[in-house]
Amino acid sequence: QVALVESGGGLVQAGGSLRLSCAAPGRTLSSYAMGWFRQVPGKEREFVAGITRSGGATESADSVKGRFTISKDNAKNTVYLQMNSLKPEDTAVYYCAGRLVYYGTVVYNEEKDYDNWGQGTQVTVSN
């Protein structure tokens with residue numbers, strides 16, 4: 001198990017940008033495939049973007065494709081979610097997730113694939 005800590009959420013106007021960060025204090029994320037999910041009240045948590053342990057491959061949900069970019073800096077043990085052209089419907093609590101993998105180039109895009117989760121950070125996009 002690894003404790004994940006998200007940061008970077010906040011209030012932004014539609015069309016604006018935010019960058020979320022996810023770190024594991026005292027631990028390395030180089031052996032983890034990572035993902036970002038989001039959840040609004042009354043709805044299930046949904047996949048936003050995922051990245052392989054090496055950072056060499058990514059996948060994004062159709063709803064954010066072309067606007068959000070996930071990246072991984074193994075030297076800094078941090079995963080990022082760059083969010084551009086934000087829309088009010090992007091308002092949600094955003095969660096970072098990690099899965100320990102020993103090899104492979106799979107991007108995991110389902111909640112059940114991950115066993116390490118952060119506490120979440122609120123992103124609110126106003127009109």
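Two residues count as in contact here when heavy atoms of theirs lie within 4.5 Å. By that yardstick, Val-101 touches Ser-31, Ala-33, Arg-53 and Tyr-108, leaving out residues up to four places away in sequence. Keep in mind that this is a predicted model. What you're looking at has eleven strands and zero helices, and the notes below go from the whole chain down to three residues.

**The whole chain**

- Reading along the sequence, you get nothing but β: the pattern is β-β-β-β-β-β-β-β-β-β-β.
- The radius of gyration is 13 Å, which agrees with the value near 14 Å that a compact globule of 127 residues would have.
- Along the principal axes, the C-alpha trace spans about 45 × 30 × 30 Å.
- Buried residues account for 43% of the 127 residues.
- Take the contacts between residues at least 6 apart in sequence: 60% of them join residues at least 24 apart.
- The protein exposes about 6500 Å², and 47% of that comes from carbon and sulfur atoms.

**The four-stranded sheet**

- Four strands make up an open sheet in the order 1-3-8-7, and the pairing is antiparallel.
- Strand 1 (5–7) and strand 7 (68–73) are the edge strands; each has a single partner strand, so one side of each is left without a neighbour in the sheet.
- On average, neighbouring strands of this sheet are turned by 15° against each other, if you ignore direction.
- Strand 7 runs antiparallel to strand 8 (residues 78–83), and six bridges join the two.
- One bridge to look for pairs Phe-68 with Met-83 in strand 8.
- As a general reminder, strands of a sheet pair through backbone hydrogen bonds, either parallel or antiparallel.

**Strands 4, 5 and 6**

- Strand 4 (residues 32–39) pairs with strand 5 in the antiparallel sense, over five bridges.
- Phe-37 sits opposite Phe-47 of strand 5.
- The hairpin of strand 4 and strand 5 has six residues between the strands, and Gly-42 takes a positive phi near 85° there.
- Strand 5 (residues 46–51) is mostly covered, with five of its six residues buried.
- On to strand 6 (residues 58–60): strand 5 runs antiparallel to strand 6 and is joined to it by three bridges.
- Gly-50 has Glu-59 in strand 6 as its bridge partner.
- The hairpin of strand 5 and strand 6 also has six residues between the strands, and here Gly-55 takes a positive phi near 85°.

**Arg-38**

- You'll find Arg-38 in strand 4.
- Its relative accessible area is 6%, so Arg-38 counts as buried, the cut-off being under 20%.
- The Arg-38 side chain makes a polar contact of 2.9 Å with the side chain of Asp-90.
- There's also a polar contact of 2.9 Å between the side chains of Arg-38 and Tyr-94.
- Setting aside neighbours within four places in sequence, Arg-38 is in contact with a list of residues that includes Glu-44, Glu-46, Val-48, Phe-68, Glu-89 and Val-93.
- Phe-68, one of those contacts, is the residue whose bridge partner in strand 8 is Met-83.

**Thr-78**

- Thr-78 belongs to strand 8.
- With a relative accessible area of 11%, Thr-78 is buried.
- A polar atom of the Thr-78 side chain lies 2.8 Å from the backbone oxygen of Lys-76.
- Not counting residues up to four places away in sequence, Thr-78 touches Ser-21, Cys-22, Ala-23, Leu-29, Ser-71, Lys-72 and Asp-73.

**Val-101**

- Where does Val-101 sit? Val-101 is in the loop between strand 9 (92–100) and strand 10 (116–117).
- Loop or not, Val-101 is buried, with a relative accessible area of 8%.
- Ser-31, which Val-101 touches, is 70 residues away in sequence, yet the two C-alpha atoms are 5.8 Å apart in space.

Conventions. Residues are numbered from 1 along each chain as its sequence is written. This is a predicted model: local features need pLDDT of at least 70, side-chain atom pairs count only at pLDDT 80 or more; totals for chains, interfaces and linings use all residues. Side-chain values use heavy atoms; hydrogens and water are left out. Two strands pair if DSSP finds at least two bridges between them. Axes are lines fitted to C-alpha atoms, for helices over the stretch in contact, and angles run from 0 to 180 degrees between N-to-C directions. The radius of gyration is taken over C-alpha atoms; the globule rule is 2.2 Å times the number of residues to the power 0.38. Buried means under 20% relative accessible area, exposed over 50%, partly exposed in between (1.4 Å probe, protein chains only). Accessible areas come from the Shrake-Rupley method with a 1.4 Å probe; for residues, only the protein chains shown count as cover. A polar contact is a pair of N or O atoms within 3.5 Å; within protein, one must be able to donate a hydrogen and the other to accept it, and residues adjacent in sequence count only if both atoms are side-chain atoms.
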